[in-house]
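Here is my note on the model you sent round, written as numbered points. Please read each one with the structure open beside the text.

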Protein chains: 2
Amino acid sequence: MSPSATLSRSETWSLLVLLGASFAIIVNTFEGEGEPVIASLAFSGVAFAATYGMIRWLGPVFIKAGLKGEDKAKPTEPELPETMGAVCAVVYLLLLIAFIPFAFYKDIVAATSGGGNRDVVLQTEQIETGRYLHRFPHNKLASYLSGLLSLQVVVILGIGDDLLDIRWRHKVLIPAFGAIPMLIVYFVDFGVTQVVVPVPLQRYLGPIVDLGWLYYIYMAAVAIFCPNGINMLAGINGIEVAQSVVIACLLVANDMLYLAPFTPYPHPATDSHLFSIYFLLPFIGVSLALLCHNWYPSKVFVGDTYCYFAGMVFAVVGILGHFSKTLLLLFIPQMFNFLYSTPQLFHIIPCPRHRLPRFSASTGMLDASVTEWDIPPPPLVSRALGILQRLHLVRLTKNEEGEIIESTNFTLLNLWLIWMGPMKEDKLALRMVALQTVCGLLALFVRHRMALLVFHEDNRGIRWHV
Amino acid sequence: MSPSATLSRSETWSLLVLLGASFAIIVNTFEGEGEPVIASLAFSGVAFAATYGMIRWLGPVFIKAGLKGEDKAKPTEPELPETMGAVCAVVYLLLLIAFIPFAFYKDIVAATSGGGNRDVVLQTEQIETGRYLHRFPHNKLASYLSGLLSLQVVVILGIGDDLLDIRWRHKVLIPAFGAIPMLIVYFVDFGVTQVVVPVPLQRYLGPIVDLGWLYYIYMAAVAIFCPNGINMLAGINGIEVAQSVVIACLLVANDMLYLAPFTPYPHPATDSHLFSIYFLLPFIGVSLALLCHNWYPSKVFVGDTYCYFAGMVFAVVGILGHFSKTLLLLFIPQMFNFLYSTPQLFHIIPCPRHRLPRFSASTGMLDASVTEWDIPPPPLVSRALGILQRLHLVRLTKNEEGEIIESTNFTLLNLWLIWMGPMKEDKLALRMVALQTVCGLLALFVRHRMALLVFHEDNRGIRWHV
């Protein structure tokens with residue numbers, strides 16, 4: 001059964017009201033002295049409304065074009081439109097492009113004497129503090145544009161992946177290509193590769209160390225990890241989008257710590273975090289609209305495109321906003337999932353093409369899926385699996401001779417099902433959302449409370465008095 | 001019969017030699033004080049080699065993914081991979097991103113005291129003239145990036161068009177969306193909307209007139225026309241790519257007039273034309289590689305993606321290089337084709353979905369295709385068609401009662417077949433290439449010789465002494 005392609009009357013009216021209110025705010029912001037953060041919120045409203053409607057309308061079109069997949073975790077295995085993340089991404093990118101004047105224009109008007117050399121930038125003292133707080137300077141335009149370029153590269157290659165079904169070891173590198181514009185513009189535009197050394201190491205390395213090209217390797221690694229991390233923690237309805245929304249909300253919460261009234265301004269990190277907010281609010285808008293259609297029971301699938309796109313949004317704000325370490329702290333479940341998966345990724349244990357939890361039509365529940373050992377594992381692997389079983393990290397099935405014939409797949413979703421027993425798909429998704437939220441909140445707490453133990457100052461500007 | 005997916009031994013070796021030579025030049029350029037224009041040439045070599053190989057390899061993959069079409073102008077109507085322009089575009093975009101440091105980096109090193117404020121730009125006098133000639137200043141980075149963003153938007157939407165088969169009246173607007181990044185960055189970064197008034201009009205308007213928002217409408221119109229102009233002059237093997245290559249080569253020839261030894265430097269227009277060369281050389285590289293596979297008899301189709309992409313490359317260099325009037329002079333065949341098509345576009349005359357010339361299997365020739373009048377045209381249209389027939393602009397078929405039952409489709413290709421009689425597909429394509437070249441050369445001659453009749457100076461800097 002293909003989903004309906006029209007909006008209900010109440011949906012239409014809700015979206016129109018949201019659109020109208022958003023446009024009113026945007027026009028008001030542009031004409032007055034309004035704040036870009038408010039405009040960004042309004043853009044998120046437009047993002048939600050446009051994405052919600054387009055996903056509904058384009059469903060049958062996508063299916064007709066062959067962009068479809070079966071939902072194996074339902075009794076009827078319905079055929080759903082695939083790659084809907086591309087719709088999100090296109091709406092998002094066009095809106096972020098349209099947002100450029102809101103982020104930059106007034107600054108230019110203020111900073112020049114009306115035409116002429118627009119590179120003249122006023123000194124901090126000359127700008128009223130209120131404005132300083134909410135606008136970031138024009139010389140960051142290149143950085144903003146490079147972030148958009150990176151996202152577009154990842155979206156183009158992601159669509160190619162969804163269409164052409166690229167091999168696993170090739171698709172891991174798609175975010176690497178996506179990172180190139182960001183890294184190149186960083187190289188051309190800033191080129192700062194010094195990092196602050198944690199206090200315990202300062203006696204060996206000095207207060208600041210220049211990582212040089214290693215810093216670019218690090219940034220590329222972050223950009224490769226985030227999209228693939230999200231893409232790997234996938235397989236049940238709504239999980240890709242829900243985890244992305246949680247991460248985005250936590251990042252926005254973190255950004256707000258750097259704005260008034262939490263942090264005195266002017267503050268050196270304010271600009272970076274405004275940058276982050278401008279990128280994240282519309283992302284939350286498009287993602288929530290997608291989540292409405294993708295949450296259990298899914299009406300659409302998101303495709304690899306969405307995972308790459310979402311991960312790249314995080315990489316862009318983390319890298320260009322200079323808080324990539326904080327960013328990684330919010331990816332703890334994804335990191336665990338990756339590390340836990342390595343035995344299968346490196347083919348020490350057989351890795352089937354899909355490792356998502358197995359649906360039992362009789363119970364309507366999901367249980368951990370398994371990989372089958374056609375020939376029993378070698379003794380060393382066998383012993384390692386035994387140890388993991390005793391640690392409750394895997395579930396094994398043995399034949400009469402005591403040889404392992406099945407072991408569960410090494411993903412966080414399967415592990416959760418081993419621990420908690422079979423459960424419904426939506427319950428599992430909710431548990432993952434809760435896990436992501438708890439880990440993230442803990443990480444942010446640690447980052448802001450404990451960072452002072454290893455650094456002389458939190459970059460929120462609170463000095464640590466020894 | 002699907003095409004072979006492997007390169008022959010001689011092809012492999014030729015491409016490897018080209019790649020090797022190009023990489024050697026690029027490394028040499030980056031390490032030494034080399035010139036970006038040479039590096040850009042080497043990038044074009046890489047572009048050709050990469051595109052040539054990838055189109056061959058990806059052919060079967062595209063067919064498997066459903067990106068395929070039938071070549072109706074062949075006796076066997078073979079099934080060919082479609083949308084190969086997307087491969088061109090991706091290779092091109094990644095290379096243009098990789099080219100950023102070559103275009104900008106040395107400038108920065110020269111213009112700053114090693115780190116710190118990189119916005120300091122040296123005065124013209126301080127830069128050795130040789131360098132001034134071949135590099136453009138750092139503050140154009142945003143403009144370069146916005147050009148790339150525009151191209152990426154058009155490629156993403158073009159792929160969507162090829163996949164989802166968007167309606168005609170919607171797809172016309174795809175380039176309009178593509179133009180947005182360019183126009184917004186123009187608005188934020190430069191905002192110059194004054195134009196020089198031709199001498200005969202100066203007594204009414206003054207020497208310079210500020211067009212304001214009309215200038216943005218004009219730029220958007222250029223950006224909408226170029227891609228759609230190329231997309232409309234299509235339908236036979238190789239024609240889309242061949243016309244684009246001709247236009248690109250003529251634009252490069254025009255750009256070279258602004259470089260030494262033709263123009264004394266430093267010259268205000270040099271930067272814009274370097275910008276144009278950097279965008280056009282790799283475009284010629286990917287397009288020639290595509291042409292090798294797309295020329296008669298085609299092994300692959302280019303898709304709407306290519307037409308949008310190619311047209312947008314021209315719009316970007318024309319608009320950001322500030323020579324959009326010259327650009328439009330090179331689109332005379334496309335403009336004629338558009339104007340000639342208007343009776344069908346506005347449905348005064350019935351417009352079938354495809355208007356490409358009709359293939360006759362018996363002769364192996366193409367002849368003008370026709371649209372059928374189920375009910376005879378109204379008297380006014382009938383009389384107009386009669387006049388057009390007397391002008392040799394249409395061919396009509398009448399029934400015994402003298403009513404029009406068929407009229408040829410209004411495209412340049414059909415008109416050429418009316419004038420010259422049926423001919424083979426490759427001969428028709430060659431004639432179109434010749435027409436494009438002759439029109440373009442004439443236009444450039446007029447532009448550089450005759451412009452002085454209506455403007456006080458050619459922007460090559462030669463004053464007109466009254």
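The points below take up the basis of the model, the contact between the chains, the sheets and the salt bridges.

1. Basis. This is a predicted model, in which local features need pLDDT of at least 70 and side-chain atom pairs count only at pLDDT 80 or more, while totals for chains, interfaces and linings use all residues. Residues are numbered from 1 along each chain as its sequence is written, chains are lettered from A and ligands numbered from 1 in the order in which they are written, and side-chain values use heavy atoms, with hydrogens and water left out.

2. Extent of the interface. Chain A and chain B each bring 42 residues to their contact, where contact means heavy atoms within 4.5 Å. The area buried between the two chains is about 3,600 Å², and carbon and sulfur atoms give 82% of that area; buried area here is the accessible area (1.4 Å probe) that two parts lose on being put together, summed over both.

3. Polar pairs at the interface. Between chain B and chain A the rule finds zero salt bridges, a salt bridge being a side-chain nitrogen of Lys or Arg within 4 Å of a carboxyl oxygen of Asp or Glu. The count of residue pairs in polar contact between these chains, with both residues at pLDDT 80 or more, is also zero; such a contact is a pair of N or O atoms within 3.5 Å, and within protein one must be able to donate a hydrogen and the other to accept it, while residues adjacent in sequence count only if both atoms are side-chain atoms.

4. The chain B side. Two or more residues each come from α2 (36-64), α3 (85-98), α4 (100-111), α6 (141-164) and α8 (174-189) of chain B, helices being DSSP runs of H or I with at least four residues and strands runs of E with at least two, numbered from the N terminus. α6(B) gives the most to this side, with 14 residues. By class, the side of chain B that touches chain A has 35 nonpolar, four polar and three charged residues, where Ala, Val, Leu, Ile, Met, Phe, Trp, Tyr, Cys and Pro count as nonpolar, Asp, Glu, Lys and Arg as charged, and the others, Gly among them, as polar.

5. The sheet in chain A. Three strands form an open, antiparallel sheet in the order β7-β9-β8 of chain A, two strands being paired if DSSP finds at least two bridges between them. The edge strands, each pairing on one side only, are β7 (370-372) and β8 (396-398) of chain A. Three bridges join β7(A) to β9(A), with Thr371(A) opposite Ser407(A). β8(A) likewise pairs with β9 (residues 404-408) of chain A over three bridges, and here Thr397(A) stands opposite Glu406(A). β8(A) and β9(A) form a hairpin with five residues between them, and Gly402(A) in the turn has a positive phi of about 80 degrees.

6. The sheet in chain B. An open antiparallel sheet in the order β7-β9-β8 is found in chain B. β7 (370-372) and β8 (396-398) of chain B each have a single partner strand, so one side of each is left without a neighbour in the sheet.

7. Salt bridges. A search of the whole structure finds 18 salt bridges over all chains. In one salt bridge, Glu425(A) pairs with Lys74(A), the closest N and O atoms being 2.6 Å apart. Because Glu425(A) lies in helix α18 (residues 425-454) and Lys74(A) in the loop between β1 (68-70) and β2 (79-81) of chain A, the pair ties together parts that are 351 residues apart in sequence.
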